[in-house]
Amino acid sequence: MFNLILFGPPGSGKGTQSEKLIARYGLRHLSTGDLLRSEIANETPLGTEAKNFMDKGQLVPDEVVIGMISSALEANPAAKGFLFDGFPRTEAQAEALDKLLKLKKTGIHLMLALEVSEEELVSRLLNRGKTSGRSDDVNENIIRSRIAEYNSKTSAVAEYYRKFDKVKQVKGEGSIDEIFAELCTQIDKKKG
Ligand code: B4P
């Protein structure tokens with residue numbers, strides 16, 4: 001198995017690059033943002049709870065997203081690897097993911113961390129908000145809250161994986177294809 005985390009602040013290109021990476025490497029894409037938005041669209045109790053946090057630009061509670069990822073892993077026993085997009089976002093989520101993967105006798109092989117300036121993030125997300133219909137993309141204050149949540153709670157997750165020498169930083173500004181090429185270079189190096 002090959003398990004990859006695509007990491008970075010909101011708007012750094014995780015969703016965009018994930019689509020291309022799963023096509024190239026045949027990994028199963030697990031995006032907690034997409035899973036949560038699907039719960040909201042289906043008006044489930046979990047979705048109703050998550051929406052309260054997402055609309056304010058806050059992280060959804062750990063137990064909710066960990067439970068979702070655990071079910072998604074169970075539902076894909078034959079996957080040849082996973083691409084985790086937007087997860088883990090806290091140290092507690094990282095520890096839980098390690099435990100879940102250990103049960104499957106595997107682990108995280110690589111974290112690719114996209115680096116993008118705050119002004120570029122805000123401009124990309126406001127731009128996406130014009131067409132995405134996402135309530136968390138239309139208001140600059142909410143976008144800045146998401147970036148603040150990332151700085152206070154999520155950026156430490158990279159430190160967690162750095163201890164195990166699993167992190168590669170990649171410049172997330174430039175054309176989508178240039179960034180994709182650099183991500184592939186890092187994956188191919190790791191896979192050997
Ligand atoms: P996510 O769905 O993960 O959304 P995101 O971080 O905003 O987006 P992403 O990073 O994938 O977007 P992309 O850059 O591809 O999370 C949404 C919310 O869900 C969170 O705020 C939180 O409340 C909740 N949540 C999710 N996971 C959670 C967890 N594990 N724990 C707790 N809460 C959780 O795209 C951005 C825009 O940039 C697009 O318009 C794209 O076209 C553009 N773009 C991409 N690459 C570009 C480039 N190179 N140049 C120019 N534009 C580019």
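Where is aspartate 165 found? Aspartate 165 is in the loop between helix H8 (156-162) and strand S5 (167-171); helices here are DSSP runs of H or I with at least four residues, strands are E runs of at least two, and both are numbered from the N terminus. I shall return to that loop after the ligand site.

Colleagues, a word on the basis of this talk. The model is predicted, so local features need pLDDT of at least 70 and side-chain atom pairs count only at pLDDT 80 or more, while totals for chains, interfaces and linings use all residues. Residues are numbered from 1 along each chain as its sequence is written, and side-chain values use heavy atoms, with hydrogens and water left out.

Let us begin with the ligand. Its shell holds 30 residues, where a residue is near the ligand if one of its heavy atoms lies within 4 Å of it. The closest are Gly13, Thr32, Arg37, Gln58 and Arg146. By class, the shell has eleven nonpolar, eleven polar and eight charged residues. In this scheme Ala, Val, Leu, Ile, Met, Phe, Trp, Tyr, Cys and Pro are nonpolar, Asp, Glu, Lys and Arg are charged, and the others, Gly among them, are polar.

Which helices each supply at least two residues of that shell? They are H1 (14-25), H2 (32-41), H6 (118-132) and H9 (176-191). H2 gives the most, with four residues.

I turn to individual atoms, taking a polar contact as a pair of N or O atoms within 3.5 Å; within protein, one must be able to donate a hydrogen and the other to accept it, and residues adjacent in sequence count only if both atoms are side-chain atoms. A polar side-chain atom of arginine 146 is 2.4 Å from an oxygen atom of the ligand. For arginine 124, a polar side-chain atom lies 3.4 Å from a ligand nitrogen atom. The backbone takes part as well: a polar backbone atom of glycine 86 is 3.1 Å from a nitrogen atom of the ligand. The protein covers 88% of the 1,000 Å² of accessible area that the ligand has on its own, by the Shrake-Rupley method with a 1.4 Å probe.

Next, helix H1. Both serine 18 and lysine 14 lie in this helix. The serine 18 side chain reaches the backbone oxygen of lysine 14 at 2.7 Å. Serine 18 is buried at a relative accessible area of 0%, and lysine 14 is buried at 8%; buried means under 20%, exposed over 50%, and partly exposed in between, with a 1.4 Å probe and protein chains only. Lysine 14 and glycine 86 are 72 residues apart in sequence, yet 7.2 Å apart in space, C-alpha to C-alpha.

Finally, the backbone geometry. Most residues other than glycine have a negative phi, and most peptide bonds are trans. Aspartate 165 has a positive phi of about 60° although it is not a glycine, and aspartate 165 is exposed, with a relative accessible area of 64%. Glutamate 43, in the loop between H2 and helix H3 (45-54), also has a positive phi, near 55°. Is glutamate 43 buried or exposed? Glutamate 43 is exposed, at 70%.

The peptide bond from phenylalanine 87 to proline 88 is cis, with omega near -5°. Proline 88 lies in the loop between strand S3 (82-85) and helix H5 (91-103).
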